[in-house]
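Subject: Structure for your bench work

Dear colleague,

Please find below the structure that I promised to pass on, and after it my notes on what turned up when I went through it. I would be glad if you read the two side by side.

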Amino acid sequence: MFERFTDDARRVVSAAQVEARRLNHPRIGTEHLLLGMLQDPESLAARVLTGLDHGGAEARLRDILNQPGGRRGPELDAALLSTIGIDLDAIREKVEEAFGPGALDREPVRDHRGHLRSGRHIPFGPRAKKTLELSLREAIALKHKSISDGHVLLGVIREGGGLAMQIIVESGISPDRVREALVQELGSPAR
């Protein structure tokens, strides 16, 4: 499927990986795809999400994750541990001295001998995988030969249940209007 991705869609997926790592999240979710789309304000996805920018989306994500019942952010974990005398920054520094920069940021994997090695990339969560699958279906339905960032946003809307959709809706953006604008912008099947 990734061979059908345009450069802008590949940038979104790559940026989502960076966003998940930067936020210390163990999986790439729809929220990371959204943040990846919003990194370039000139991209099709960012243009149709009028009223939502990268900073606003990240702030809303942090609010959602820090709500009761939401996933706690690493800042909250660090604050709680510091109350009992554990300094996460000092621990991270020591681990990186021994195992290299970013050693704690990657999910461990086993090599061919069964030994644990740090992972190279963060895996996609189920909703993000579904979103990318739906972006392919959206491109096919529009008779497009490639998948752009606009198709990825259509996949987010069609999936409908991830944190990206929650951020979009809570920002006062109509998913139906975004869909209409995307279909109009994506235009003819020549893509």
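From the N terminus on, the elements of the protein run α-α-α-α-α-α-β-β-α-α-α-α, which amounts to 10 helices and two strands, where helices (H or I, at least four residues) and strands (E, at least two) are DSSP runs numbered from the N terminus. This is a predicted model, in which local features need pLDDT of at least 70 and side-chain atom pairs count only at pLDDT 80 or more, whereas totals for chains, interfaces and linings use all residues. Residues are numbered from 1 along each chain as its sequence is written, and side-chain values use heavy atoms, with hydrogens and water left out.

Of the 191 residues of the protein, 41% count as buried; here buried means under 20% relative accessible area, exposed means over 50%, and partly exposed lies in between, with a 1.4 Å probe and protein chains only. Among contacts (heavy atoms within 4.5 Å) between residues at least 6 apart in sequence, 60% join residues at least 24 apart.

The helix I would look at to begin with is H2, residues 30-38, which is mostly covered, with nine of its nine residues buried. Its cover includes helix H1 (7-22), helix H3 (44-48), helix H4 (54-65), helix H7 (126-141), helix H8 (149-159) and helix H9 (163-170). The axes of H1 and H2 come within 7 Å and cross at roughly 115°, the axes being lines fitted to C-alpha atoms, for helices over the stretch in contact, with angles that run from 0 to 180 degrees between N-to-C directions. In that pairing, Val12, Ala15, Ala16, Glu19 and Ala20 of H1 meet His32, Leu33, Leu35, Gly36 and Met37 of H2. The loop between H1 and H2 holds Asn24, a residue other than glycine whose phi is nevertheless positive, near 60°, and which is partly exposed at a relative accessible area of 39%.

Thr30, which lies in H2, counts as buried at 3% relative accessibility. Leaving aside neighbours within four places in sequence, Thr30 is in contact with Arg127, Ala128, Thr131, Glu159, Gly162, Leu163 and Ala164. One of these partners, Glu159, lies in helix H8 and is likewise buried, with a relative accessible area of 17%. Apart from residues up to four places away in sequence, Glu159 touches Thr30, Arg127, Lys130, Thr131 and Leu134, and its C-alpha atom is separated by 9.4 Å from that of Ser135, which is 24 residues apart from it along the chain.

A second glutamate worth your attention is Glu58, found in helix H4, which counts as buried at 12% relative accessibility. Its side chain is joined to that of Arg62 by a polar contact of 2.9 Å, meaning a pair of N or O atoms within 3.5 Å, of which, within protein, one must be able to donate a hydrogen and the other to accept it, while residues adjacent in sequence count only if both atoms are side-chain atoms. Beyond its neighbours within four places in sequence, Glu58 is in contact with Arg22, Leu23 and Leu35.

Turning to the interior, the largest nonpolar core (a set of buried Ala, Val, Leu, Ile, Met, Phe, Trp, Tyr and Cys residues joined through side-chain atoms within 4.5 Å) has 45 residues, and those with the most contacts inside it are Leu34, Leu49, Leu52 and Leu153. At least two residues of this core are supplied by each of H1, H2, H3, H4, H7, H8, H9 and helix H10 (175-186). Leu52 touches Leu34, Leu38, Ala57, Ile167, Ile168, Ser171 and Ile173, not counting residues up to four places away in sequence.

Finally, in H7 the residues Ala128, Thr131, Leu132, Leu134, Ser135, Leu136, Glu138 and Ala139 are buried, and what covers them includes H1, H2, H8 and H10. Just after H7 comes Lys143, with a positive phi of about 60°; Lys143 sits in the loop between H7 and H8 and is exposed, with a relative accessible area of 61%.

With best wishes
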